[in-house]
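Reader: Could you take me through one part of this model closely? I would like to look at chain B and the surfaces it uses for contact.

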Amino acid sequence: MTVDLGLSTDQEAIADLFGGFFAKESPTTVARAAEPFGFDAGLWAKLVELGAPGMGSPVGIGGGGASLSDLVVVAEALGRAIAPVPLIEHLAAALLLTDADVVAGEAIATVAVRPTDADGLWRLVPAGAVADVVVGVDGDELVAVRSEPPMVAPRNHAAAPLADRSARTGQRTVLGPAVEFVPVLDRWKVLTSAALVGIADAAMALGVQYVMDRQQFGVPIGSFQAVQHGLADLPVMIDGGRLLTHKAAWAIDSGEVGINDWALNDITDGSTLASMAYVFTTDGAALATDRSLHYHGGYGFSEEYDIQLYYRRARGWSLVLDDPSVECLALADRLFGAREA
Amino acid sequence: MDFSLSTETLEFRRTIRDIVQRTVTPEVIDRMHTTGTFASPELNAELGRHGFLERAVPGLGKGDPIELWVLFNELEKAGAPYDGPAVALMIAGVVNALGTDEQKARILPSIISGEAMVAMGYSEADYGSDVASIKTRAVKDGDEWVINGSKMWTTMAQAARWLILLTRTDPDLPKHKGLTMFLLPMDTPGITVEPVHTLGTEVTNATYFDDVRVGDEAVLGGVNNGWRTMTTVLAFERGVMGGSNAAVPLLRHFHDWAAAEGLLANDVVRERLARSVIDMQVAALLTQRSAWIAASGGMPGLEGSMTKVFAAEAYQRISRWCQQMAGPAGLLQFHEAGAAGEGFVEYDARHSPVVTIYGGTTEINRNNIAERHLGLPKSR
């Protein structure tokens with residue numbers, strides 16, 4: 001074992017397969033057509049044919065046995081295409097589910113990323129509008145609740161199929177104590193980070209393409225240094241986010257207890273790295289979509305151009321968890337110890 | 001991806017931490033800040049004695065870029081003066097890659113033993129980012145070269161044994177083509193060193209050349225081939241050797257002070273510290289990537305530009321945050337009672353402005369990224 005920061009041969013194959021799949025089956029016209037609800041059942045059915053929903057489940061129950069690191073490659077491809085399917089939520093929730101229809105993807109599972117409120121409701125659950133099974137924390141229990149999805153979502157910034165879901169009505173299974181939700185949420189954070197890297201990468205590519213095409217003063221606006229330098233900030237945010245996300249996945253896949261030695265910048269704990277990746281990629285995706293939209297000029301503000309689709313999802317896909325500052329405070333507790341009362 | 005260090009590298013790291021602990025004492029750090037010479041002969045000699053300098057030089061010894069990264073990352077995180085060995089190893093790498101057998105035999109032993117330091121003479125008073133336009137001349141006179149001109153920012157020239165010097169040998173050729181690199185002893189007659197005092201305490205220099213005579217043995221990498229020699233140096237400089245985790249020791253100093261002052265109860269402080277730790281982790285990963293690219297046979301020049309822009313700006317942001325969060329205690333200097341982080345908070349606020357300037361400004365690096373990574377047209 002030694003440092004190797006490239007994708008494995010298998011992961012290269014996964015990147016090719018899913019990159020090709022989303023490019024063909026989910027160009028941005030598909031994301032547009034799915035608005036405002038944010039779900040394309042036909043596209044999900046094609047993913048089911050590919051076996052994608054069960055990729056991360058154990059081979060023994062019909063899954064693909066893929067590591068989280070492998071799924072990160074899939075999630076980045078999904079983000080790049082802003083595909084309107086709840087694959088990230090499903091792959092995270094499936095960690096604790098063995099139901100055959102979930103592994104097959106015939107039933108959609110999701111993660112209630114925040115605990116229930118006083119009424120036993122999970123508010124604005126990602127993919128809550130379309131999921132048959134919701135995994136989340138209710139009081140001191142981790143539960144899976146199977147119930148009829150509402151198939152309707154409040155209109156929202158990201159055109160995401162969000163919905164409130166009850167933890168107390170429907171077929172409720174206790175999976176364990178609330179603390180066992182941590183690995184599920186870590187998985188969701190890592191995969192969401194990967195998708196945000198994909199969003200940022202695609203947004204940067206749109207920006208670069210536009211500034212090369214758009215002529216003002218008789219030259220492409222991409223020849224102006226002010227524009228170039230704004231775009232030059234983006235690759236490092238994307239590459240840095242990708243490395244951090246992969247490191248989190250590597251740490252979680254290793255199954256070992258990591259360390260949090262921030263004082264020597266030696267951090268190998270999976271939960272800590274997942275939290276760091278989520279905060280960093282949220283910033284990276286916001287920056288990349290901001291800059292790219294801005295360099296589109298007025299057209300970036302029009303609905304006609306695709307950059308606005310990325311701009312809205314960069315914010316929406318991460319904000320469903322909470323203000324990233326709240327995540328920073330939780331991260332501070334991990335790093336520096338809980339605040340003294 | 002695999003982020004684990006091999007057992008051997010971990011052992012290497014443990015030994016470095018040990019050496020740093022023994023040699024980089026608070027007295028050594030204090031001496032740096034008093035004299036303005038940011039070097040520790042004790043540390044350099046000890047690294048040399050363990051064979052770590054030779055082992056880390058690209059192409060020499062073990063030449064493992066991952067170890068090179070670990071070495072400088074550990075020195076930087078410890079707050080040890082690492083610029084001296086970094087420059088020396090960078091130049092050793094270039095001598096090893098482009099030098100003659102005679103040059104290797106004459107120069108390398110003094111560097112890898114940790115005794116000799118090297119000063120770099122590239123920039124001039126009127127040519128910084130546009131370094132290919134420099135005017136210092138080297139003119140052939142019989143068997144000798146006669147050098148006249150001056151260089152700025154020749155850090156460590158007051159203590160160095162060697163000087164790597166970029167000169168113009170053919171003013172009629174296009175500017176990148178008529179350059180030649182020399183590597184000569186600092187005690188060659190005709191060299192004068194004048195100190196330039198800086199905001200960050202470290203003394204740098206202006207160095208003057210008045211009919212300095214050297215033979216062909218001082219030419220490094222071929223006559224009129226100086227730009228290639230230069231890019232070989234810069235690829236090392238922006239790649240692997242420190243300059244990405246400068247805020248790590250600052251965060252330790254600030255955190256310990258803030259804990260004692262009860263500031264860690266403050267959400268703003270906690271959030272900023274958490275964000276700072278994230279940025280330092282990302283900077284380390286980006287540097288590790290450069291090392292991995294070099295270890296895989298590549299040349300991480302562009303990745304180095306990206307890392308430098310990110311790491312330098314992160315360090316500036318963090319040093320500004322730490323000083324602000326400390327309030328008036330962040331104004332107090334070393335040895336003053338009540339100074340935040342024992343004075344390091346104030347020091348880093350003074351030191352950090354230089355990091356977006358030296359070794360290629362952030363603007364030059366953004367040009368590189370725009371042109372070579374994004375494929376945008378050359379803008380100058």
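Author: Happy to; here is a walk through chain B, from its contact with chain A to the contact between two of its own domains. Please keep in mind that this is a predicted model.

Let's start with the partner chain. On the chain B side, 42 residues are in contact with 43 residues of chain A. Several helices of chain B supply at least two residues each to this side: α5 (65-78), α9 (247-261), α10 (267-295), α11 (301-326) and α13 (362-373). Among them, α10(B) gives the largest share, with 17 residues. If you sort the residues of chain B that touch chain A by class, you get 25 nonpolar, eight polar and nine charged.

Now let's turn to the inside of chain B. The chain is divided into domain 1 (7-116), domain 2 (120-224) and domain 3 (238-373). For domain 1 and domain 2 of chain B, the C-alpha centres lie 24 Å apart. Their contact takes 17 residues from domain 1 of chain B and 14 residues from domain 2 of chain B.

On the domain 1 side of that contact, the elements of chain B that give two or more residues are α6 (83-98) and α7 (101-112). The largest share comes from α6(B), which provides six residues. By class, the side of domain 1 of chain B that touches domain 2 of chain B has nine nonpolar, seven polar and one charged residues.

Note on methods. Residues are numbered from 1 along each chain as its sequence is written. Chains are lettered from A and ligands numbered from 1 in the order in which they are written. This is a predicted model: local features need pLDDT of at least 70, side-chain atom pairs count only at pLDDT 80 or more; totals for chains, interfaces and linings use all residues. Two residues are in contact if their C-beta atoms, placed from the backbone, lie within 7 Å. Helices (H or I, at least four residues) and strands (E, at least two) are DSSP runs, numbered from the N terminus. Ala, Val, Leu, Ile, Met, Phe, Trp, Tyr, Cys and Pro count as nonpolar, Asp, Glu, Lys and Arg as charged, and the others, Gly among them, as polar. Domain bounds come from an automatic or database domain assignment.
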